[in-house]
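Here are my notes on the model you sent. Please read them with the sequence and the structure open side by side.

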Amino acid sequence: MDFMRKKDPRTTQLNIILKELAETKCELDSAYAKFQNVIDPDLIDSSIYEVNAVQKRYKFLLRCAKELS
């Protein structure tokens, strides 16, 4: 019976990371769009920091996903 089989913790963890990767990709797209549309120098700086932060999170999650697969 399949429904009684316990899930592998690594599979569950990988699924969580893949979901977070998808969410982070959306955040990254949003940060890039914001960067493209700002004019004020302070907002440009802020957008650059946001893009860099989200990129680092994406790279971290990608590395975690590779290690679990």
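1. **Terms and status.** Buried means under 20% relative accessible area, exposed means over 50%, and partly exposed covers the range in between. With that cut-off, the buried residues of helix α1 are L14, I17, L21, T24, L28 and A31. Keep in mind that this is a predicted model.

2. **Overall content.** The chain has two helices and zero strands. It counts 69 residues, and 20% of them are buried. The exposed surface comes to about 5,700 Å². Carbon and sulfur atoms supply 58% of that area.

3. **Helix α1.** This helix covers residues 9-37. It has 29 residues. From first C-alpha to last it reaches 42 Å, close to the 42 Å expected at 1.5 Å a residue.

4. **Helix α2.** This helix runs over residues 41-68, which makes 28 residues. At 1.5 Å a residue, α2 should span 40 Å. Its end C-alpha atoms are 41 Å apart, so the expected and modelled spans agree. At the start of α2, look at D40: one of its side-chain oxygens comes to within 2.9 Å of the backbone nitrogen of D42.

5. **How the helices pack.** What do the buried residues of α1 pack against? They pack against α2. On the other side, the buried residues of α2 are S47, V51, V54, L61, C64, A65 and L68. What covers them includes α1.

6. **Contacts across the sequence.** Take the contacts between residues at least 6 apart in sequence. Of these, 68% join residues at least 24 apart. One pair to look at is I16 and A65. They sit 49 residues apart in sequence, yet their C-alpha atoms are 9.5 Å apart in space. I16 is in helix α1, and A65 is one of the buried residues of α2. I16 itself has a relative accessible area of 46%, so it counts as partly exposed.

7. **T24.** Buried or exposed: which is T24? Its relative accessible area is 1%, and because buried means under 20%, T24 is buried. T24 lies in helix α1. Leaving out residues up to four places away in sequence, T24 touches V54, R57, Y58 and L61. Among these, V54 and L61 are themselves buried residues of α2.

8. **S47.** This residue has its place in helix α2. At a relative accessible area of 2%, S47 is buried. Which residues does S47 contact, leaving aside neighbours within four places in sequence? They are K34, F35 and V38.

9. **Salt bridges, in general.** Side chains of opposite charge can pair when their charged atoms come close. The cut-off used here is a side-chain nitrogen of Lys or Arg within 4 Å of a carboxyl oxygen of Asp or Glu. By this rule the model has four salt bridges. The next points take up some of them.

10. **R57 with E20.** The closest N and O atoms of this salt bridge are 2.9 Å apart. The pair links distant parts of the chain, with R57 in helix α2 and E20 in helix α1, 37 residues apart. R57 is partly exposed, at a relative accessible area of 38%. E20 is also partly exposed, at 26%. R57 is among the residues that T24 touches.

11. **E23 with K19.** Here the closest N and O atoms are 3.8 Å apart. That value is within 4 Å, so the pair meets the cut-off. E23 and K19 are four residues apart in helix α1, which means about one helical turn separates them. E23 is partly exposed, at 40% relative accessibility. K19 counts as exposed, at 55%.

12. **K25 with D29.** These side chains meet in a salt bridge at 2.8 Å, N to O. Both residues lie in helix α1, four residues apart, about one turn of the helix. K25 is partly exposed, with a relative accessible area of 37%. D29 is partly exposed as well, at 39%.

Terms used: Residues numbered from 1 in each chain as written. Predicted model: local features only at pLDDT ≥ 70, side-chain atom pairs only at ≥ 80, totals over all residues. Heavy atoms only, no water. Expected span 1.5 Å × (residues − 1). Buried < 20%, exposed > 50% of the residue type's maximum accessible area, 1.4 Å probe, protein only. Contact = heavy atoms within 4.5 Å. Polar contact = N/O pair within 3.5 Å; in protein donor to acceptor, adjacent residues only side chain to side chain. Areas by Shrake-Rupley, 256 points an atom, 1.4 Å probe, with all protein chains shown as cover.
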